[in-house]
Amino acid sequence: MASHTVAGPETASAATVVADAGVVADAAAVARLRAERRRALRKTVLRSLGNAGITIVVLLLLWQAVVSLTGISPYIAKGPLDVWEFLFTSPNAEANRAQLFPLVGQTLVDSSLGFVVGMIVAIVLAVAFSLSKAVEAGVMPLVLLLRTIPLVSIAPVIILMTGRGTTASVAVIGTIVVLFPALANVLFGLSRASRQSLDVVHVFGGGRFTALRKVNLPGALPSIFAAARVSVPGAVTGALLAEWLSTGAGIGGSILKFNAQAQFAQLWSSIALITLITLLLYNLVQIVENIVLTRMGMTPGAR
């Protein structure tokens, strides 16, 4: 006669204790992982802020050294203290800010347009090149052509096609400046996907597009952020060039006016503002990169 073992209260209690211990251990592991991620995130953000501060200090010191040691007339050359006085402590500081800040705002708008369009085009082209070698063979020579020809020489053609002073001319010029370095970075990131991960996708019946969506693109995030960081100063350069050649607005359109009218304080202040904002935007992208990669469990590259 078969014997049956009936679980008594003691056995049930033991199982409950074991289950509760497992839950507590899992919760402790999750809490420990979250704490480690918070520490890593805090460390990377502080490092980015420290790098930004060091860069600004070195830039200010070099600027002051060039102004002080080259013997340029103080009437023409303005140092950091001169710009600070012009913008914040002189009797006309409020009027000076009212003159320059709208110009800086317009340049930032134009830079954002070139940055966004350029990054979107770069990512779309990189994905298309990864999916089809025929598309890459047909489009890449055009991209290289735009890279090798000086933009100033083809800007009149761009302006003729898009119209002088139009938003389209700003977008096209900014996109050309941003496109090639961003495209190169994104392509590099897409090509570094783990072969084992791609094999797993194919084993479970996934096609090339599925592998690209689930493996290549997530793995390329560090390269996409690197492309964004490189594209920030490029977008500002493209905006200044578009304003100079096409719209006549913003900092790019006003620099020549300041120089022609011997308004050197305005000239140096506008250049200082746009340079400072570019550095801050570059480091802002780096901070966002560190936050995103840390939350995804990726270790940001040491810089």
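This tour visits two salt bridges and one loop residue in a predicted model.

**First stop: helix H4**

Select residues 133-148, which form helix H4. Within this helix, display the side chains of Lys133 and Glu136. The two residues form a salt bridge, and their closest N and O atoms are 3.6 Å apart. They are separated by 3 residues, about one turn of the helix. Next, turn on the surface and inspect each partner. Lys133 counts as exposed, because its relative accessibility is 62% and the cut-off for that class is over 50%. Glu136, at 25% relative accessibility, counts as partly exposed.

**Second stop: helices H9 and H11**

Select Arg229 and Glu289, whose side chains meet in a salt bridge with an N to O distance of 2.8 Å. Arg229 belongs to helix H9 (residues 221-247) and Glu289 to helix H11, so this pair ties together parts that are 60 residues apart in sequence. Are these partners buried or exposed? Glu289 is buried, at 2% relative accessibility. Arg229 is also buried, with a relative accessible area of 10%. Both values fall in the buried class because its cut-off is under 20%.

**Third stop: the loop before helix H11**

Select Ala262, in the loop between helix H10 (250-260) and helix H11 (264-295). What is the sign of phi at Ala262? The angle is positive, about 55°, although Ala262 is not a glycine. Most residues other than glycine have a negative phi. With the surface displayed, Ala262 can be examined as a partly exposed residue, at 33% relative accessibility.

Definitions and conventions
Residues are numbered from 1 along each chain as its sequence is written. This is a predicted model: local features need pLDDT of at least 70, side-chain atom pairs count only at pLDDT 80 or more; totals for chains, interfaces and linings use all residues. Side-chain values use heavy atoms; hydrogens and water are left out. Helices (H or I, at least four residues) and strands (E, at least two) are DSSP runs, numbered from the N terminus. Buried means under 20% relative accessible area, exposed over 50%, partly exposed in between (1.4 Å probe, protein chains only). A salt bridge is a side-chain nitrogen of Lys or Arg within 4 Å of a carboxyl oxygen of Asp or Glu.
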